[in-house]
Every structure is written in structure tokens, then in C-alpha cells.
Amino acid sequence: MKIAVVLTAFNRKNKTLACLTSLEKQVDMPEYDVYLCDDGSTDGTKEAVLDEFHNVTVIQGTGALFWTRGMALAMSAAVSKKYDYYLMVNDDVEFFDNMWQTMLYYFRENNCIGVTGCTKSKQTGLLTYSGAKFYHEDKKRFVDCKIAPDGVHDFNCDVANWNCFLISDEVVGKVGHIDPIYEHSFGDFDYSLRMRSKGIPIYISKEYIGYCENNSSKNTYRDGSLSRKKRIEKILSPNGLPLKSWFTFTSRYYGAAAFRNFVVPYVKFIFSLIGNKNC
């Protein structure tokens with residue numbers, strides 16, 4: 001069994017090292033290769049990773065790739081070497097020792113599937129990332145990835161976060177790579193919906209697979225303590241809600257409601273800006 005672990009990193013050296021260290025502690029995980037896109041880190045991430053781990057291929061980014069485009073570059077490098085499984089991870093996840101066994105469970109009967117690993121906060125013990133199902137199919141509305149594992153039932157989802165996401169080579173052959181038309185967000189959701197369009201199910205891990213904290217709204221366009229000018233700059237930035245990425249996603253998946261879904265978050269943002277409140 002050949003496994004490729006795919007991730008991207010930017011100036012989070014300690015978290016990146018902790019993530020890769022937790023991978024090395026996996027129970028019964030076969031040998032694997034890591035493909036890491038280092039997107040111009042200036043904190044020594046690349047050097048530290050190469051110094052501590054022998055199985056890492058570092059792909060040098062431009063410093064302007066952000067998450068989806070960094071993952072696209074790393075995924076392309078991994079797929080070119082042909083692996084049986086591709087494990088997509090975020091470098092801020094600290095994996096439990098049984099993550100691999102938990103993720104592989106659903107592949108025992110069907111190899112053409114995806115599995116998203118559920119993470120929780122180390123501080124609160126509450127769910128942080130997993131997957132979500134549509135609650136209004138026609139309008140593609142869904143809650144923000146809040147399906148939690150219960151250790152008993154098999155849950156599937158329509159969209160999945162790639163904080164921890166396992167797919168087989170068979171899936172890659174049918175769906176392709178993550179789409180670099182997106183800058184930072186939406187690449188994982190887009191891939192989920194492309195899988196869904198081909199009838200490929202995505203399951204949620206039966207157990208939590210590690211710790212990962214929710215992204216903070218501090219110093220983002222949602223942060224009402226920032227100046228209005230700064231918040232406008234941030235919503236239009238690649239890791240905010242950039243017009244091209246959001247327009248692409250809504251155009252692809254919202255049908256007749258595409259324009260409405262495109263403008264709604266910007267309208268809400270304008271109102272929050274007027275009141276200078278968090279959004």
C-alpha cells in the first residue's frame with residue numbers, strides 16, 4: 001500500500017513539525033511519503049522539516065499561493081508518482097495515534113469513496129471540523145460543517161473539510177485534482193461536490209482523529225475592531241472572500257440562485273461595516 005500525505009504550509013513551523021510528528025506515531029500506518037508545499041515561509045519551516053523528517057518532498061511555492069493553490073501544487077506532485085491513497089491534511093492538526101485506522105475503516109468494502117476526519121478543540125473538547133449535509137437541496141444551503149461522530153453510526157456528507165481527508169487513487173482518476181482556480185477557500189468544498197456529481201460518497205470518521213482549533217475571526221474581515229478600510233482590504237484579499245473564487249463557486253453550484261448567493265455575504269458585510277460590528 002502506497003500512501004501520499006499532502007499539505008501546504010506558511011510560517012507555522014512549530015505546528016507543521018507537530019503535525020508531521022503526530023503522523024509518525026500512527027498505529028499500523030504503512031510507510032508513506034509527504035508532499036509539502038512551502039509557500040515562501042520565512043520562519044525556517046522548510047529547513048526544519050527537511051532536517052527532522054526523511055520522507056518529505058518540499059515543493060517551493062511563490063509566497064502567493066495560499067491554501068488551495070498550495071494544495072494543488074503539492075497534490076500534482078504526489079499524483080505524478082502514483083499512490084494508492086492520498087491523505088490531505090492541514091498542518092495545524094495534531095493527530096491521535098489511531099487516526100489512520102479510523103480513516104481506513106470505510107475503505108474495507110468500497111475503495112471509491114472519501115472520508116473526512118473529525119477534529120475537536122483541545123481547549124473545549126467540542127467539534128471543530130468535519131463535513132456537512134445540505135438542509136435545502138435546491139438552494140445548496142448547509143450548516144457549517146457541524147456533523148459530529150458518535151462512535152456508532154455511519155454518517156455521510158455533501159461537503160467536507162480537508163483538515164484530514166482520505167481518498168483513493170480511483171477517486172483521483174475519476175474526479176481529478178483540487179482546482180487552483182480558487183485561491184484559499186472553497187477548493188475542498190468544490191472537490192466534494194465534484195465527487196458528489198459522480199456518485200462518490202463521502203463519509204465522516206466514526207471517531208475524532210485529532211485536535212484542531214477553529215480559525216479565529218480576529219484580524220480578519222469579520223473583526224469589527226479593525227478599521228473599515230482594513231476590513232474591506234481583507235474581504236477582497238485571497239484569504240478573505242475574494243470575488244473571483246466566490247463567484248466561481250456560486251456559479252458552479254447554485255444554479256438559478258447563483259447571483260443571490262453571490263451577493264448575500266457582501267451585503268451582510270456592508271451592513272456590519274456600517275455598524276462597525278463583527279460579522
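Start by selecting strand E1 (residues 3-9) together with E4: the two pair in the parallel sense over four bridges. Strands here are DSSP runs of E with at least two residues, helices are H or I runs of at least four, and both are numbered from the N terminus. Two strands count as paired if DSSP finds at least two bridges between them. To see one of the contacts in this pair, pick Ile3, whose bridge partner in E4 is Tyr85.

Before going on, a word on what is loaded. This is a predicted model, with local features requiring pLDDT of at least 70 and side-chain atom pairs counted only at pLDDT 80 or more, while totals for chains, interfaces and linings use all residues. Numbering runs from 1 along each chain as its sequence is written, and side-chain values use heavy atoms, leaving out hydrogens and water.

**Strand E4 and its other neighbour**

Keep E4 (residues 85-89) selected. Five of its five residues are buried, so the strand is largely enclosed by the rest of the structure. Buried means under 20% relative accessible area, exposed means over 50%, and partly exposed is in between, using a 1.4 Å probe and protein chains only. What covers the two faces of E4 is not listed here, but you can colour them separately: Tyr85, Leu87 and Val89 are on one side, Tyr86 and Met88 on the other, and all are buried.Now add strand E13 (residues 164-168), which runs antiparallel to E4 and is joined to it by five bridges. Two spots to click along this pairing are Val89, which stands opposite Cys164 in E13, and Leu87, which stands opposite Leu166 in E13.

**Strand E13, then E6**

Is E13 buried or exposed? Five of the five residues of E13 are buried, so E13 is also largely enclosed by the rest of the structure. Show the side chains: Cys164, Leu166 and Ser168 point one way, Phe165 and Ile167 point the other way, and all are buried.

Next, bring in strand E6 (residues 114-120), which is antiparallel to E13 and joined to it by three bridges. Select Val115 here; its bridge partner in E13 is Leu166.

**Aromatic rings**

Hide the strands and show Phe, Tyr and Trp side chains. The structure holds 21 aromatic pairs. Rings (for Trp, the six-membered one) pair if their centres lie within 6.5 Å; planes under 30 degrees apart count as stacked, over 60 as edge-to-face and the rest as tilted. Go to Tyr182 and Phe186, a tilted pair with 6.4 Å centre to centre and 55° between the planes. Both Tyr182 and Phe186 are buried.

Then move to Trp246 and Tyr254, which make an edge-to-face pair at 6.4 Å centre to centre, with 65° between the planes. Trp246 is buried at a relative accessible area of 10%, and Tyr254 is buried too, at 7%.

Which residues make up the cluster that includes these rings? Select Tyr182, Phe186, Trp246, Phe249, Tyr253 and Tyr254: they form one aromatic cluster.

**Helix H8 and Tyr266**

Trp246 is a handy way into helix H8 (residues 243-253), where Ser245, Trp246, Thr248, Phe249, Thr250 and Tyr253 are buried. The cover over the buried residues of H8 includes helix H6 (187-197) and H9. Just after H8, check the backbone at Gly255, which takes a positive phi of about 55°.

Now zoom in on Tyr266, in helix H9 (residues 258-275). Tyr266 counts as buried, at 12% relative accessibility. Leaving aside residues up to four places away in sequence, Tyr266 touches Ile235, Leu241, Pro242, Leu243 and Trp246; contact means heavy atoms within 4.5 Å. Draw a C-alpha to C-alpha line from Tyr266 to Ile235: they are 31 residues apart in sequence and 8.8 Å apart in space.

**Two charges over rings**

Here the criterion is NZ of Lys or CZ of Arg within 6 Å of the ring centre and within 35 degrees of the ring normal. Select Lys2 and Tyr83: Lys2 lies over the ring face, 5.2 Å from the ring centre. Then try Arg108, whose charged end sits over the ring of Tyr105 at 4.0 Å from its centre.

**Zoom out**

Back to the whole protein chain, which has nine helices and 14 strands. Its radius of gyration is 19 Å, close to the 19 Å from the globule rule for 279 residues, so the chain is as compact as a globular protein of that length. That radius is taken over C-alpha atoms, and the rule is 2.2 Å times the number of residues to the power 0.38. Along the principal axes, the C-alpha trace spans about 55 × 45 × 35 Å.

Of the 279 residues, 52% count as buried. Among contacts between residues at least 6 apart in sequence, 73% join residues at least 24 apart. If you turn on a surface, the chain exposes about 13,200 Å², with carbon and sulfur atoms supplying 52% of it; the areas come from the Shrake-Rupley method with a 1.4 Å probe.
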